[in-house]
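Me: Could you help me understand how the words used for a protein model follow from its numbers?

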Amino acid sequence: MSIKELDQTYVLPTYARNYDAHFVRGDNAMLYDAQGRDYVDFGSGIAVCSVGHGNPRLAEAICDQAKKLIHVSNLYLIEPQARLAERLATLTGYDVRTFFANSGAEANEGAIKIARRYGTDEEGNVKRYKIITLEHSFHGRTITALKATGQEAMHTYFGPFPDGFVYARDIEHIYELIDDHTVAVMIELVQGEGGVQPMEKSQVQRLAAELKKRDILLIVDEVQTGIYRTGEVLASNLYEITPDIVTLAKGLGGGVPIGAIMTTLKEILKPGDHGSTFGGNFLSTRAALEVLDILEAHKQSGELDHMMILFEERLKSYVQKYPDLFEKEVGVGFMRGLRVKEGKEAGDIIAAAFKERVVVLKAGKNTVRFLPVLTMTKEEMELGFARFDAALAAL
Ligand code: PLP
């Protein structure tokens, strides 16, 4: 059987595999398929491959670690886990401790558990439990993270769900939903899956201050925005707020699965309250340490900010050049989108781009989304945009 036949016979069909490409290797922002054709990757596996494909330093770190120890149980000390927790606190400037998980949804589950624990007294009496999230948010696919996700269409089949989630239309609407049972507010600072929608900085800062006053936790889901995606280590740094809980995943491991919950509530969980077999093991935390080293140096060199500015300029130029296709350019840093005009289909643009061998993604109802590898070179960017241009011209 061909790979496609194997996939179609044995893999559960949860993904719409609209494209036949079968990638076999990568080199920074380039992907190569089984026929040897090159593609410019403006998607980085949905914001995961932060240090590019085939990064030799990351590969070396993983390889070196794999030869020594991949895993021992969390009952024992794990050196790179301890170092990574320290590194996250130092890099972000937050006074936090971290729990390591394996994915974004799992990190959010843990964050929700911490919030629920915060709302429960020592005898186990639930005092406050409600968590307010935003419409169009996305927090993951586990039952609770799905219920936290403010998209009713995603709640159709999998009930009954855990209670206690309410959805605000926008940041200002959050205040109206707060009641005596509210224990936390969970938001993305730039909604990713919801359509690359940045929140207003002043509104977020006011919200953070108000919640602090009312003893309501602020959870920031940085699964997509975290680890330099918006130009700073965290979007929370960019927005100049100090959340009570930040969740991470995607870009942190550069492709090695890892999730993290950073919290200022350092003593809230006791041994046995939470755990994970794989979370924080030698392999993933060693990989994440290398990712952070690479990205910190990249940021300090000025190259990351420089490329982000060039990228934004190019996207803006498309709005001017193709006013019939695009309404506006949206996003922050390397989390960008082109809003497609009513009557035009983002899917058609993405398909046309793929034909020209440039990988772009869809977000929300009608946004063409760009999440390039953070180490993308100018040459790779130019090649990608030349191909994107050809795709648009052909539409
Ligand atoms: N939260 C946000 C903001 C995300 O963008 C995603 C994934 O797209 C998730 C959570 C879920 O992460 P994962 O797929 O690793 O469970």
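**Reasoning from values to words**

Reply: Happy to! In helix 11, the buried residues are L304, M307, M308, L310, F311, L315, Y318 and V319. Keep in mind that this is a predicted model.

Me: What do the buried residues of helix 11 pack against?

Reply: They pack against helix 10 (282–300), strand 13 (326–332), strand 14 (335–340), strand 17 (367–370) and helix 13 (378–394).

Me: How do you know that the span of helix 11 agrees with its 19 residues?

Reply: Helix 11 covers residues 303–321, and at 1.5 Å a residue it should span 27 Å. Its end C-alpha atoms are 27 Å apart, so the two values agree.

Me: Why are helix 12 and helix 13 called oblique to each other?

Reply: The axes of helix 12 (residues 346–355) and helix 13 cross at roughly 125° and come within 8 Å. Angles of 65 to 115 degrees count as roughly perpendicular and those over 145 as roughly antiparallel. The angle here fits neither, and the two helices are therefore oblique. Their crossing is right-handed.

Me: Which residues meet there, and what makes up the contact of helix 12 with helix 13?

Reply: From helix 12 come I349, A352 and A353, and they meet F388, A391 and L392 of helix 13. These residues divide into six nonpolar, no polar and no charged.

Me: Why does R87 count as buried?

Reply: R87, which lies in helix 4 (residues 79–92), has 16% relative accessibility. Buried means under 20%, so R87 counts as buried. Leaving out residues up to four places away in sequence, R87 touches L289, L292, D293 and E296.

How values were computed: Residues numbered from 1 in each chain as written. Predicted model: local features only at pLDDT ≥ 70, side-chain atom pairs only at ≥ 80, totals over all residues. Heavy atoms only, no water. Helix = DSSP H or I, 4+ residues; strand = E, 2+ residues; numbered from the N terminus. Expected span 1.5 Å × (residues − 1). Buried < 20%, exposed > 50% of the residue type's maximum accessible area, 1.4 Å probe, protein only. Contact = heavy atoms within 4.5 Å. Axes fitted to C-alpha atoms, helices over the stretch in contact; angles between N-to-C directions. Parallel < 35°, antiparallel > 145°, perpendicular 65-115°, else oblique. Left-handed = near helix turned anticlockwise from the far one by under 90°. Nonpolar A, V, L, I, M, F, W, Y, C, P; charged D, E, K, R; others polar.
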